[in-house]
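Biologist: Could you take me through one part of this protein up close, slowly enough for a first-year student? I'd like to hear about the sheets and then the place where the ligand sits.

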Amino acid sequence: MSDLPQERRVVTPIPGPRSAELMQRRRKALPAGVGTTLPVFAARAGGGILEDVDGNQFVDFASGIAVTTVGASAPRVVAAVREQVDAFTHTCFQVTPYEGYVAVCEALNRLTPGDHDKRTLLVNSGAEAVENAVKIARYTTGRSAVVAFDHGFHGRTLLGMSLTGKVMPYKQGFGPFAPEVYRAEYSYPYRGTGDLQSTVQYLDKTVGARNIACVVVEPIAGEGGFIVPAPGWLGGLAEWCRDNGSLLIADEVQTGFARTGAWFACEHEGVVPDIVTTAKGMGGGLPLGGVTARADLIDAVHVGGLGGTFGGNPVACAAALAALETIEAEGLVDRARAIGELMLPRLRALQATYDVIGDVRGRGAMVAIELVDPRTDAPDAALTARIASTCHSNGLLVLTAGSYGNVLRFLPPLVIGDELLHDGLDVLEKALAAAS
Ligand SMILES: Cc1ncc(COP(=O)(O)O)c(C=O)c1O
């Protein structure tokens with residue numbers, strides 16, 4: 001990345017000719033079900049820039065969906081991966097353990113909320129982390145019901161999609177889903193839904209406190225549209241769980257590892273979950289997930305009940321340790337907060353000009369705008385798609401989100417410079433002007 005210029009540059013129509021050719025090959029070789037946000041093929045990425053095979057350089061407001069928190073070619077990560085690959089690529093931790101796995105678990109036990117005794121299990125992805133968290137909760141409570149939320153997203157496995165709130169594209173046609181999954185309203189201040197009282201009433205009256213093994217909740221709904229719940233809502237859920245012998249599983253897969261201006265988003269609300277699931281930003285770009293749980297819970301599970309062939313792969317662990325070191329050495333938790341302090345006021349200023357921006361929200365470097373019909377506040381997914389497409393054509397990589405597809409979300413790598421942040425927001429402003 002050191003020689004990748006940190007500037008936006010659009011030198012061909014988007015997609016350019018080499019990307020278009022590769023898209024043709026892709027269409028013949030891959031199923032249509034694997035979507036594409038921006039049909040350009042990556043050549044290099046680092047800092048706040050992604051360069052495609054035609055030489056276009058995009059300002060990266062996506063981080064590979066909240067993964068490349070430390071950048072896509074962070075020097076410490078690159079060096080650690082090289083060193084580990086030279087030593088060995090795999091043993092299977094359950095066959096022959098290695099130190100990197102233990103060190104990642106120690107770091108997670110130290111960094112996740114709460115100073116109680118914890119243990120961590122490593123897996124390959126966010127979905128697998130959630131699956132294992134629920135397994136542990138059911139095992140230790142002896143209960144079967146799992147409560148998830150509207151606007152929640154927890155992955156594409158059977159249980160992950162069963163917990164997920166949005167039918168298209170995640171669930172349509174893929175049922176039947178896992179049983180004993182119940183869905184409560186998520187707190188959504190802009191839309192005025194999901195107050196704590198009605199959530200708790202649902203748990204008590206509809207599901208029944210004694211049946212609930214766990215409540216699985218994102219501290220900020222990610223795919224659901226970066227919805228920051230009302231203050232006190234998450235804490236109220238935690239209290240309800242404590243009072244009723246249910247476990248609170250905080251799914252920090254998208255929010256974790258400095259993204260929101262804290263190591264974990266639960267910290268903003270002073271909430272200490274029983275189990276925390278992690279992935280995405282943890283592995284410095286390599287696939288790694290984690291389940292960090294109260295020791296008394298996770299240690300109860302019998303030998304062989306947890307694990308997997310690739311979980312906690314040594315190369316991914318080396319990358320994760322280097323990513324964690326980078327976050328600590330470069331003060332990226334504070335940097336995430338500073339990014340929010342730069343972006344949110346500019347987005348609010350845009351809201352004052354463009355009444356299609358119904359809401360501006362987020363924490364740290366996880367911020368979003370919700371686009372609506374200003375007369376009715378009805379979600380405007382078509383406008384959102386148009387603005388995203390104009391941004392892409394002008395060299396800004398943005399993602400859409402939201403249960404109604406009407407949210408533009410911004411997740412820059414935390415190593416991006418202020419100039420690129422402003423440049424990206426300038427592109428967004430022009431796209432808004434063109435679309436309104
Ligand atoms: C909150 C949350 N949980 C779970 C997942 C699933 O993670 P993965 O795609 O690594 O399986 C995601 C992915 O976006 C997520 O945002």
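**Sheets first, then the ligand**

Modeller: Sure, let's start with the smaller job: four strands make an open sheet, in the order E1-E2-E3-E14, and their pairing is mixed. At its edges you'll find strand E1 (42-46) and strand E14 (396-397), each of them pairing on one side only. Keep in mind that this is a predicted model. Inside that sheet, strand E2 (residues 49-52) and strand E3 (residues 57-60) run antiparallel and are joined by three bridges. If you want a spot to look at, find Leu50, which stands opposite Phe58 in E3.

Now move over to the sheet with seven strands. It's an open one too, and reading across it you get E4-E10-E9-E8-E7-E5-E6, again with mixed pairing. Strand E4 (118-123) and strand E6 (181-184) are the edge strands here; each has a single partner strand, so one side of each has no neighbour in the sheet. Go from strand to neighbouring strand and you'll see them turned against each other by 20° on average, ignoring direction.

Let's zoom in on the E4 edge. The partner there is strand E10 (residues 289-294), and the two pair in the antiparallel sense over six bridges. One pair to click on is Val123 with its bridge partner in E10, Gly289. There's a helix to spot as well: helix H7 (residues 196-207) packs on this sheet, where H7 touches strand E5 (145-149), E6 and strand E7 (212-217). Compare directions, and H7 makes about 150° with E6.

Finally, the ligand. The residues around it include Ser125, Gly126, Ala127, Phe153, His154 and Gly155. Also in that group are Glu218, Glu223, Asp251, Val253, Gln254 and Lys280. Sort this shell by type and you get three nonpolar, five polar and four charged residues.

Three of these residues are worth a really close look. Gly126 uses its backbone: a polar backbone atom there is 2.8 Å from an oxygen atom of the ligand. With Asp251 it's the side chain, which has a polar atom 2.7 Å from a nitrogen atom of the ligand. Lys280 also takes part through its side chain, where an N or O atom is 3.1 Å from an oxygen atom of the ligand. As for how covered the ligand is, on its own it has 390 Å² of accessible area, and the protein covers 83% of that.

Definitions and conventions: Residues numbered from 1 in each chain as written. Predicted model: local features only at pLDDT ≥ 70, side-chain atom pairs only at ≥ 80, totals over all residues. Heavy atoms only, no water. Pairing = 2+ DSSP bridges. Axes fitted to C-alpha atoms, helices over the stretch in contact; angles between N-to-C directions. Contact = heavy atoms within 4.5 Å. Near = heavy atom within 4 Å. Polar contact = N/O pair within 3.5 Å; in protein donor to acceptor, adjacent residues only side chain to side chain. Areas by Shrake-Rupley, 256 points an atom, 1.4 Å probe, with all protein chains shown as cover. Nonpolar A, V, L, I, M, F, W, Y, C, P; charged D, E, K, R; others polar.
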